[in-house]
Amino acid sequence: MQLPTIITSILHNPNPYLIPNFPPNPLQFRREFFNRRNFTTMTSSFNSFKIHSKLDTNSDTFLTIAQFAGKEGANVGDDLVVLYSHLEYAFKRISALVASPVNSSLGKSSGGGEDVGSGRDKPKPLDIVSNEIILSCLTHSGKVAVMASEEDDVPVWITDDGPFVVVTDPLDGSRNIDASIPTGTIFGIYNRLIEIDGLPVEEKALLNSLQSGNRLVAAGYVLYSSATILCTSFGSGAHAFTLDRSTGDFVLTHPNITILSRGQIYSVNDARYFDWPEGLRRYIDTIRQGKGKFPKKYSARYICSLVADFHRTLMYGGVAMNPRDHLRLVYEANPLSFLAEQAGGKGSDGKNRILSIQPTKLHQRLPLFLGSPDDIDELESYGDVQQTVNPGYDTSRETGLGRSPTLFLLGTGLKREYVLPGHDIAVSQPV
Ligand SMILES: O=P(O)(O)OC[C@H]1O[C@](O)(COP(=O)(O)O)[C@@H](O)[C@@H]1O
C-alpha cells in the first residue's frame with residue numbers, strides 16, 4: 001500500500017480496534033469467574049496456552065470512564081462526560097497509529113532546523129496527524145470552543161457555544177518514535193470564559209487558552225507504551241484507566257493514585273550536568289551519594305519522554321525534571337502539575353508552584369520539576385536549580401532530523417492538506 005493511501009485510511013478508519021479477539025478480554029475472565037462466585041484461582045485455556053488468574057470478587061472495579069465520571073459516579077456533568085468520550089476515541093486512534101507499521105515513516109521529521117517560530121519545535125508528520133485526530137474529535141464533540149495545541153501557532157476557534165477550552169500536546173516524545181520508545185498525549189480542560197465572549201475571535205481564543213493552571217477543570221495524559229494508560233483527574237484525585245484492546249474501553253485500573261511522599265529515583269538528562277547551575281549539581285550529587293534528607297542512594301531513570309518519565313514518577317515516587325527552559329507551561333507543565341497535586345505531589349519551576357504562574361504566551365517554556373512533595377521541597381531548598389545556559393542541543397542523530405522528508409503539511413485552519421514529495425496532494429482532511 002502506498003503511503004498516501006495508508007495515511008488516508010488512518011484518518012478515515014472508523015474503528016482502529018477491529019482487531020480479532022486477542023489478547024483475551026479480562027472481562028471474560030471475570031464473568032466466568034463470577035459465575036463460580038468464589039475467590040479462587042481460575043484456569044482458562046486459550047488455544048495453545050493457559051492463563052492462571054486470581055481475581056477479587058469484592059472489588060467490581062472494571063469501570064469505564066463514562067461510568068466513573070457519570071451520574072452514578074463522580075457526576076462531573078454530561079458535557080464533560082461527552083467530551084471525554086470523544087477524547088478517548090482520539091487517544092485510541094493515536095494509540096493505534098503509534099503502534100502501526102506506518103509510524104516508522106511518519107515518525108521522521110520533514111527536515112530542517114528545530115524551531116518553526118512561535119517557540120514551537122519543528123513537528124514530525126506523526127505529531128501533525130495526532131493533532132488532526134484530536135482537533136477532529138473535539139470538533140465533533142460540540143463541547144469545545146477553542147483548542148490550543150503545541151502543533152499550532154495560535155489557538156483554533158471551534159465553536160462559539162462550546163463550554164470548554166482544551167490545551168494539548170498531541171504527541172509528546174515523538175522524537176523517540178523510531179525506536180519504539182513510549183510516547184504520550186497531554187491535555188488540560190478549562191471552562192470557556194463567557195465574560196469575554198464579545199471579544200474578536202483571535203483575542204478570545206488566546207485569552208481562553210492562557211488561563212492559569214489554578215483554573216483547570218480536568219487534565220490528563222495518555223501513555224502509549226506496553227499498555228495504553230489514560231491517567232486523569234476531574235479535580236478530586238488522580239485515576240488511571242488502561243485500554244482494554246479487546247473491548248476498546250479504558251477501564252479503571254489505578255483509582256486514587258497517591259504518590260510516595262518521598263521516592264528514591266531522580267529523572268533528568270544527566271548529559272547536561274556541566275550546563276547546570278551550582279545548586280542543581282549539588283542537589284544531584286548529594287542524592288546520588290545518599291547524603292540528602294533521605295539517607296539512601298538514589299537511582300537515575302530517564303526515558304526522555306515526558307509522559308513516561310512522569311508516569312513512572314507517579315507510580316514509584318521521586319522527582320522528574322527538565323531544568324532548562326524547554327517544556328511548555330500551558331499544555332505540558334500545567335496539566336501534569338495538576339495531576340501531580342491531585343496525587344499528593346508537587347509541580348514546580350524550581351522556585352514557584354507551576355499552577356500559580358500566569359501564562360503570557362501560548363508556547364511559553366520553563367524549567368519543570370514534578371514529583372514527590374518531600375523530594376521537590378528538598379530540591380527547591382538548594383535555591384539555584386534552574387538551568388539558564390541553554391545552548392540548544394543538537395539531537396539530530398537521535399531524532400532523524402535531516403533525513404529525507406517523507407511528508408509535508410500544507411495550509412492551516414480547519415482544512416489540512418498533506419503532500420508527499422514527488423506526489424500530488426495525498427490527503428485533504430476537513431475537520
Ligand atoms: O532534550 P531534553 O532536555 O532531555 O528534553 C527532553 C524532553 O523533551 C521532550 O521530548 C518534549 O519535547 P517535544 O515536546 O518537543 O517533543 C520530552 O518528552 C522530554 O522529556
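How many helices and how many strands are there in the protein chain? In this predicted model, the chain holds 12 helices and 18 strands.

**Confidence and overall organisation**

The mean pLDDT of the protein chain is 82, and 73% of the residues reach a score of at least 70. Two stretches remain under 50 in pLDDT. One of them, residues 1-7, has 11 contacts beyond four places in sequence in the model; the other, residues 14-59, has 41 such contacts. For the complex, the predictor reports an ipTM of 0.94 and a pTM of 0.81.

Of the 431 residues in the protein chain, 45% are buried. Among contacts with a separation of 6 or more, 65% link residues that are 24 or more positions apart.

**Two domains and their contact**

The domain assignment divides the protein chain into domain 1, residues 65-257, and domain 2, residues 265-380. Taken over C-alpha atoms, the centres of the two domains are separated by 22 Å. Domain 1 contributes 38 residues to the contact and domain 2 contributes 30 residues. On the domain 1 side, at least two residues each come from strands S3 (144-149), S5 (164-172), S6 (183-191), S7 (218-224) and S8 (228-233), and from helix H7 (201-209). The most is given by S6, with five residues. By residue class, the side of domain 1 that touches domain 2 comprises 17 nonpolar, 17 polar and four charged residues.

An unreviewed UniProt entry lists residues 261-382 as "domain: Fructose-1-6-bisphosphatase class 1 C-terminal". Over residues 261-382, the chain is 36% helix and 20% strand, with the end C-alpha atoms 19 Å apart.

**The eight-stranded sheet**

An open sheet is formed by eight strands in the order S4-S3-S5-S6-S7-S8-S9-S10, with mixed pairing. Strand S4 (156-157) and strand S10 (249-254) are at the edges; each has a single partner strand, so one side of each lacks a neighbour in the sheet. Three of the pairings are set out below, each with one pair of facing residues.

| Strand pair | Sense | Bridges | Facing residues |
|---|---|---|---|
| S3 and S4 | antiparallel | two | Met147 and Val156 |
| S5 and S6 | antiparallel | seven | Asp169 and Ile186 |
| S6 and S7 | antiparallel | seven | Thr183 and Tyr224 |

Strand S6 thus appears in two contexts: S6 pairs with S5 over seven bridges, and S6 pairs with S7 over seven bridges. Eight of the nine residues of S6 are buried, and the strand is therefore largely enclosed by the rest of the structure. S6 also supplies five residues to the side of domain 1 that touches domain 2.

**Leu243 in strand S9**

Is Leu243 buried or exposed? Leu243 lies in strand S9, residues 239-244. Leu243 counts as buried because 22 C-beta neighbours fall inside 10 Å, where the threshold for burial is 20 or more. Leaving aside residues up to four places away in sequence, Leu243 touches Lys92, Ser95, Ala227, Thr228 and Phe250. Of these, Thr228 belongs to strand S8 (228-233), and Phe250 belongs to strand S10 (249-254). In the sheet order, S9 stands between S8 and S10. A further relation links Leu243 to Phe91: the two are 152 residues apart in sequence, and their C-alpha atoms are 9.7 Å apart in space.

Note on methods:
Residues numbered from 1 in each chain as written. Predicted model: local features only at pLDDT ≥ 70, side-chain atom pairs only at ≥ 80, totals over all residues. UniProt positions renumbered as here; feature names shortened; annotations may be inferred. Helix = DSSP H or I, 4+ residues; strand = E, 2+ residues; numbered from the N terminus. pLDDT = per-residue confidence, 0-100. Contact = placed C-beta atoms within 7 Å. Domains from an automatic or database assignment. Nonpolar A, V, L, I, M, F, W, Y, C, P; charged D, E, K, R; others polar. Buried ≥ 20, exposed ≤ 12 C-beta atoms within 10 Å, placed from the backbone. Pairing = 2+ DSSP bridges.
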